[in-house]
Amino acid sequence: MKDLSRRDLLAGAATIGAASALPQLSSSAAHAAVPPSGAQAPGFYRYKVGAYECTSINDGARSFPMPDTFVKNVPKEEALAAAEAAYMPKGMVTVPFNPQLINTGSKLILIDCGNGIAAFEPTKGAVGRTLQNLAAAGIDPKSIDVVLMSHLHPDHTNGIRAADGSMAFPNAEIMVPSKDWEFWTSDENAAKAQSNEMMKNYFANVKKIYAGIESKVTKYDWGKEVAPGITSIEAPGHTPGHTAFAIASGNSKILVQSDVTNIPEFFLRNPDWHVAYDVDPVRAQATRHKFYDMASAEKALVVGFHFTFPSIGHVEKDGTKYRLVPIAWNPVI
């Protein structure tokens with residue numbers, strides 16, 4: 001290769017200078033004004049599990065000032081340091097939400113359904129985006145056969161209602177874990193929770209969301225095939241009936257962990273940390289270790305409701321901790 005000489009450089013500079021003297025295109029043509037769209041792209045991502053076509057549906061993400069007891073058993077400064085290490089906004093924590101749509105060929109199954117359109121925040125674009133992202137993915141809510149709840153927290157279950165209170169998925173069977181249903185619909189349990197504002201609100205929310213449709217709800221148990229190719233996995237602690245799922249087709253399998261952990265930067269990386277939302281934090285801690293030991297041993301793909309979109313990755317054991325290895329975005333299915 002020829003080395004550049006001073007003469008070559010000077011010649012190049014002269015050429016550039018000459019070009020600058022040429023007539024210029026009008027500024028309107030060279031710098032056409034394009035107004036900013038002010039909107040994010042639709043949030044859906046398709047992937048395959050054997051013959052099943054699956055779609056991760058983004059319900060949004062919410063950033064909020066970290067509460068003092070967001071992590072209950074470590075100092076707030078330590079939790080803030082974890083958030084900063086994950087490049088979350090200073091002093092804040094960001095929680096994403098991602099339901100999963102499973103097309104088995106015979107059934108269209110939505111696992112969890114997000115915060116609900118009533119929670120949609122158009123000025124912030126935060127949460128409640130499941131219906132609009134289903135529409136962007138070409139899915140009519142009327143075509144969904146089953147809405148399969150992992151547990152009955154508001155961000156997983158409120159999406160069964162449309163903005164006017166009607167059923168968002170009018171033809172779908174609503175399936176809930178029997179242990180969660182028993183716990184959250186108990187008047188005795190609700191009475192015990194009156195001194196805890198968060199728990200009190202959770203009980204009231206279940207009563208409100210399921211009012212009038214109680215008899216139409218199907219309860220399921222752990223260790224059962226609850227829909228074609230989808231088996232319920234015992235994963236209590238976050239709630240008494242919290243459930244994960246194994247989705248299998250042919251020789252392929254993926255684990256839907258639901259809320260085995262909240263955001264992985266905190267509770268997957270530090271499985272012994274206790275998030276404020278866990279009903280039984282010690283049991284949730286044990287569930288995390290059991291589930292992630294299984295996932296890492298199997299080298300299974302794991303889907304997390306609160307993982308960063310598209311919410312899919314592998315879990316690797318790292319001493320007494322774990323780390324999430326997100327999948328690479330695949331432009332084809």
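**Strands, a crossing helix and two pockets**

Val49 stands opposite Tyr52 of strand E2. That pair is a handy way into this predicted model, since it belongs to the contact between strand E1 (residues 44-49) and E2, which run antiparallel and share 6 bridges. The hairpin the two strands make has 2 residues between them, and Gly50 there takes a positive phi near 60 degrees. E2 (residues 52-57) is mostly tucked away, with 5 of its 6 residues buried. E2 also pairs with strand E5 (residues 100-103), again in the antiparallel sense, this time over 4 bridges. Within that pairing, Ser56 has Gln100 of E5 as its bridge partner.

Further along the chain comes an open sheet of 7 strands, ordered E10-E11-E12-E13-E14-E15-E16, and its pairing is mixed. The edges are taken by E10 (225-227) and E16 (321-326), each of which pairs on one side only. On average, neighbouring strands here are turned by 40 degrees against each other, ignoring direction. At the E10 edge, the link to strand E11 (residues 230-234) is antiparallel and rests on 2 bridges; Ala227 finds its bridge partner in Ile230 of E11. Helix H10 (residues 281-298) lies across much of this sheet, namely E11, E12 (243-249), E13 (252-258), E14 (301-304), E15 (312-318) and E16. Relative to E13, H10 runs at about 160 degrees.

Then there are the pockets. The largest has a volume of about 340 Å³. It is lined by 17 residues, and those closest to its centre are Arg62, Phe97, Asn115, Asp155 and Tyr277. Strand E3 (60-65), strand E4 (92-97), helix H5 (154-157) and helix H8 (197-209) each put at least two residues into this lining. By class, the lining of the largest pocket splits into 8 nonpolar, 6 polar and 3 charged residues.

The second largest pocket holds about 280 Å³ of space. Of its 15 lining residues, Pro264, Glu265, Thr308, Leu324 and Pro326 sit nearest the centre. Helix H9 (264-267), E15 and E16 are the elements giving two or more residues to this lining. E16 makes the largest contribution, with 3 residues, and E16 is also an edge strand of the open sheet. The lining of the second largest pocket comprises 9 nonpolar, 3 polar and 3 charged residues.

Notes. Residues are numbered from 1 along each chain as its sequence is written. This is a predicted model: local features need pLDDT of at least 70, side-chain atom pairs count only at pLDDT 80 or more; totals for chains, interfaces and linings use all residues. Side-chain values use heavy atoms; hydrogens and water are left out. Two strands pair if DSSP finds at least two bridges between them. Axes are lines fitted to C-alpha atoms, for helices over the stretch in contact, and angles run from 0 to 180 degrees between N-to-C directions. Contact means heavy atoms within 4.5 Å. Buried means under 20% relative accessible area, exposed over 50%, partly exposed in between (1.4 Å probe, protein chains only). On a 1 Å grid over the protein atoms alone, a cavity is a set of points where a 1.4 Å probe fits but cannot get out, and a pocket is an open set with protein on both sides within 12 Å along at least five of seven lines; lining residues have an atom within 4 Å of a point. Grid points are joined across faces, edges and corners, and a volume is the space filled by probe spheres set on the points. Ala, Val, Leu, Ile, Met, Phe, Trp, Tyr, Cys and Pro count as nonpolar, Asp, Glu, Lys and Arg as charged, and the others, Gly among them, as polar.
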